[in-house]
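Biologist: I have a structure open on my screen and would like to go through it with you. Could you take a look?
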Amino acid sequence: MPPNKGKPLDQLQSSSRSKQWLHEFIAQTPELRSTLHRAPDGIHFKLAGLSDSDAEKILEEQNRRLLPESQVAWIRNGSQRQLIWAQLELEREIRGFHPFRTVPPEERSDALLLMLDIWPESLTTKKDLIFQIKESWANHRLKDKQLSWLDPKNQKQLDWAMDYLEQHRMALPRSVAKPATPKEEYDYVVAALDKTTLLPPSDHKLFLTAMRKAWSQYKYRHSGKAKKPLYLFIEEEAKEKLDQIAKQQKRSRHDIVEDWILQAFEKGDS
């Protein structure tokens, strides 16, 4: 990031990105962290105690670390699906320099830039890493026809897909925030499916085929065409526990019992 005219401290805060980097840099530098007080928000620092000479040194470091905006546009303007891929790649490559734990969608772009900016590597190394991530994204992202069975407006399907990914240990890591809206849920599911392309080709194809088949079976079972009445008598205590499970999972009792039967059969068959 080319230096701006003005006092060093002003240059260090010339944009929200540079401000974010400055406070994170101070937090990671013991000699600075011990001399500056935290601001009331507990995140930022009061900069009045920062000397001009220290500001000059920090500015030099900032200019060595921050790529120009034109070179980070792929992250700045990326879709959530693309950004999740970038996040997972950055977390794998830049271990030990994660300035966050869980990233909500609205903060993902800024959080990824902070991760990249605070990484103490050369600008050339950072530029090369972004290029590598862009290449891996282009080579691994699922094609539209592979995702055509997913309906971004079908809330029931998206909820089912989230559960399926969790059950098969294909959910995204905790650093990717759980979705709060249908749009976020669709982005999450598709990003998780993009990640399955890192599996061996045969395993990847098998997983996608099995998931689509499982969804077709789920739709059929819940269409009413495959339903048959079954009357059972169970102990009151067991019924109360079943009701609790149904309430926790926000599902009907018969759906839960049906899944238990099918899962038991599949385990016995294997």
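Biologist: Let's start with charged pairs: which residue forms a salt bridge with R92, and how far apart are the closest N and O atoms?
Modeller: Please keep in mind that this is a predicted model. In it, R92 pairs with E93 in a salt bridge, and their closest N and O atoms are 3.4 Å apart.

Biologist: Are those two buried, exposed or partly exposed?
Modeller: R92 counts as partly exposed because its relative accessibility is 45%, and E93 is partly exposed too, with a relative accessible area of 36%. The cut-offs behind these words are under 20% for buried and over 50% for exposed, with partly exposed in between.

Biologist: How many salt bridges are there by this rule?
Modeller: The count comes to 14 salt bridges. One of them joins R81 to D194, where the closest N and O atoms are 2.6 Å apart. This pair links distant parts of the chain, since R81 sits in helix α6 and D194 in helix α10, 113 residues apart.

Biologist: And where do R81 and D194 sit, buried or exposed?
Modeller: R81 counts as buried because its relative accessibility is 12%, and D194 is buried with a relative accessible area of 0%.

Biologist: What about K183, which residue does its side chain meet in a salt bridge?
Modeller: The side chain of K183 meets that of D187, at 2.7 Å from N to O. The two are four residues apart in helix α10, so about one helical turn separates them. D187 counts as buried at 10% relative accessibility, whereas K183 counts as exposed at 54%. Elsewhere, salt bridges that share partners join R17, E69, R76, D110 and D117 into one network.

Biologist: Let's stay with α10 for a moment. How many residues does it have, and how far does it reach?
Modeller: Helix α10 has 14 residues and spans 20 Å from its first C-alpha to its last, which is close to the 20 Å expected at 1.5 Å a residue.

Biologist: Why would you say that α10 is largely enclosed by the rest of the structure?
Modeller: Because 11 of its 14 residues are buried. Among the buried ones are E184, E185, Y186, V189, V190 and L193. The buried residues of α10 pack against α6, α8, α9 and α11.

Biologist: Now the nonpolar side. Which residues touch the most other members of the largest nonpolar core?
Modeller: That core has 27 residues, and L150, W160, L172, L193 and M211 are the ones that touch the most other members. Helices α6, α9, α10 and α11 each supply at least two residues of this core, and the largest share, seven residues, comes from α10.

Biologist: What is L150 in contact with, leaving aside its neighbours within four places in sequence?
Modeller: L150 is in contact with Q157, Y186, V189, V190 and L193. There is also a second, separate core of 18 residues, which includes L83, A86, W119 and I130.

Biologist: Moving on to α7, how many of its residues are buried?
Modeller: In helix α7, which covers residues 108-118, 10 of the 11 residues are buried, so this helix is largely enclosed by the rest of the structure. The buried residues include R108, S109, L112, M115 and D117. What covers the buried residues of α7 includes α2, α4, α5, α6 and α8.

Biologist: Okay, on to the surface. Which residues make the nonpolar surface patch of about 340 Å²?
Modeller: That patch is made by L230, L232 and I234. L232 lies in the loop between α11 and α12, and it counts as exposed because its relative accessibility is 60%.

Biologist: Last topic, the loop between α9 and α10. What is the phi of R169?
Modeller: R169 has a positive phi of about 55 degrees, although it is not a glycine. As background, most residues other than glycine have a negative phi. R169 is in the loop between α9 and α10, and it is exposed, with a relative accessible area of 79%.

Biologist: And T181, how far is its C-alpha atom from that of Q155?
Modeller: The C-alpha atoms of T181 and Q155 are separated by 9.8 Å, while the two residues are 26 residues apart along the chain. T181 is also found in the loop between α9 and α10, and at 33% relative accessibility it counts as partly exposed.

Terms used: Residues numbered from 1 in each chain as written. Predicted model: local features only at pLDDT ≥ 70, side-chain atom pairs only at ≥ 80, totals over all residues. Heavy atoms only, no water. Core = buried A, V, L, I, M, F, W, Y, C linked by side-chain atoms within 4.5 Å. Buried < 20%, exposed > 50% of the residue type's maximum accessible area, 1.4 Å probe, protein only. Contact = heavy atoms within 4.5 Å. Expected span 1.5 Å × (residues − 1). Patch = residues over 30% accessible without salt bridge, like charges linked within 9 Å, V, L, I, M, F, W, Y side chains within 5 Å. Areas by Shrake-Rupley, 256 points an atom, 1.4 Å probe, with all protein chains shown as cover. Salt bridge = Lys/Arg side-chain N within 4 Å of Asp/Glu carboxyl O.
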